[in-house]
Every structure is written in structure tokens, then in C-alpha cells.
Amino acid sequence: MSETRYTRDHEWVRQEGDVAVIGITDYAQSQLGDVVYVELPEIGRTVEQGREAAVVESAKAASEVYAPVSGEVVEVNGELLGNPAQVNADAMGEGWFIKLRLADPKQLDGLMDEASYQAFVAEQE
């Protein structure tokens, strides 16, 4: 299994070949509370690193999901449209949001690894 990388905005990205799977972290979903709606981009759309890629809404707030890396959307998790609570149930697995064809795999090198992210989260609390 490939290493998961993290952003300061609490997104995760896992490389699977030339594709990056992206979602929000357990910490992010726990801060949001019950997710009630997810807006996903169209397949074929190009997203840029650090720019909005999706939107997640909870009973508490709406929040942008920023692309941890740049690339072209090749798949979206349509399951979330009918069952947005999947984000709460399995944020790091079945609750993924989008898959991108990586524009520049080197962008992953600038993101946090698991240990760095856990230290970052500890500072937030």
C-alpha cells in the first residue's frame, strides 16, 4: 500500500500508480460533525494544487476540500452523493472524494507524512 500524505487543511492523498486518491482526514470529519452533503467536481476537470476541488457540508458548516496535488479528475465517489455519511463512517477509506491523474507526482513530496500530520493535529487541539 502506498504512503498517505496530508495537507495543513486536513486532506489526505494516496498515490495508486499515476492516480491520486483524495479525501478528508478523520480529524476533519470529526471537526465537521455529521456530513449531510458532498459536492464533487465533474470528471475531466483539471484541479490545481491548493485550489477548491470539492465541497463538504455538515450540520455545522460548509467547507471546501482543497486539492493536495494538481491533476485531472478521472473518477468521483458517486456513493457519497446518496450517502454522504460515508465520509464520517470511513473518511480514510470508502469515504474518499475524487481520483486525479497526477500532473506532477513530485508535489507529493511537499506534503506531510503520517507522523508529521499527527504532530500537526496535536498542535491544533
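The following questions and answers walk through the strands, buried residues and largest pocket of this predicted model.

Visitor: What should be kept in mind about the model and its numbering?

Guide: Residues are numbered from 1 along each chain as its sequence is written, and side-chain values use heavy atoms, with hydrogens and water left out. Because the model is predicted, local features need pLDDT of at least 70 and side-chain atom pairs count only at pLDDT 80 or more, while totals for chains, interfaces and linings use all residues.

Visitor: In what order do the six strands of the open sheet lie?

Guide: Strands here are DSSP runs (E, at least two residues) and helices are runs of H or I of at least four residues, both numbered from the N terminus; two strands pair if DSSP finds at least two bridges between them. The edge strands of this open sheet are β1 and β5, each pairing on one side only. The pairing is antiparallel, and the order is β1-β2-β3-β9-β8-β5.

Visitor: Which residue of β9 is the bridge partner of V21?

Guide: Strand β3 (residues 19-24) and β9 pair in the antiparallel sense over four bridges, and β8 is joined to β9 (residues 98-102) by five bridges, also antiparallel. On the β8 side, E75 has K99 as its bridge partner in β9. For V21, the bridge partner in β9 is K99.

Visitor: Is β9 largely enclosed or exposed, and how many of its five residues are buried?

Guide: Buried means under 20% relative accessible area, exposed means over 50%, and partly exposed lies in between, as found with a 1.4 Å probe on protein chains only. Strand β9 is largely enclosed by the rest of the structure, because the number of its five residues that are buried is four.

Visitor: Which residue of β8 stands opposite T46?

Guide: Strand β5 (residues 46-47) is joined to strand β8 (residues 71-76) by two bridges, and these strands run antiparallel. Opposite T46 in β8 stands E72.

Visitor: By what angle are neighbouring strands of the three-stranded sheet turned against each other on average?

Guide: Three strands form this open sheet in the order β4-β6-β7, with antiparallel pairing. Its edge strands are β4 (35-39) and β7 (62-66), each of which pairs on one side only. With axes fitted as lines to C-alpha atoms (for helices over the stretch in contact) and angles running from 0 to 180 degrees between N-to-C directions, the average turn between neighbouring strands, direction ignored, is 25°.

Visitor: Which backbone nitrogen does the side chain of T7 reach?

Guide: T7 lies in the loop between β1 (4-6) and β2 (11-16), and T7 is buried, with a relative accessible area of 9%. Counting contact as heavy atoms within 4.5 Å, T7 touches P68, L111, M112 and Y117, leaving aside residues up to four places away in sequence. At 3.1 Å, the side chain of T7 reaches the backbone nitrogen of D9.

Visitor: What is the phi of H10?

Guide: H10 lies in the loop between β1 and β2, and H10 is buried, with a relative accessible area of 11%. Although H10 is not a glycine, its phi is positive, at about 70°.

Visitor: How far apart in space are the C-alpha atoms of L108 and R5?

Guide: L108 lies in the loop between β9 and α4 (114-124), and L108 is buried, with a relative accessible area of 7%. Residues up to four places away in sequence aside, L108 touches R5, V13, Q15, V69 and L102. L108 and R5 are 103 residues apart in sequence, yet their C-alpha separation is 6.9 Å.

Visitor: What distance separates the C-alpha atoms of F120 and R8?

Guide: F120 is found in helix α4 and is buried, with a relative accessible area of 8%. Residues up to four places away in sequence aside, F120 touches R8, H10 and M112. F120 and R8 are 112 residues apart along the chain, and their C-alpha atoms are separated by 7.8 Å.

Visitor: How much space lies in the largest pocket?

Guide: On a 1 Å grid over the protein atoms alone, a pocket is an open set of points where a 1.4 Å probe fits, with protein on both sides within 12 Å along at least five of seven lines, and lining residues have an atom within 4 Å of a point. The largest pocket is lined by 13 residues, of which D9, H10, A28, S63 and E64 lie nearest its centre, and α1 (26-32) and β7 each supply at least two residues of the lining. With grid points joined across faces, edges and corners, and volume taken as the space filled by probe spheres set on the points, the space in the largest pocket is about 150 Å³.

Note on methods. A polar contact is a pair of N or O atoms within 3.5 Å; within protein, one must be able to donate a hydrogen and the other to accept it, and residues adjacent in sequence count only if both atoms are side-chain atoms.
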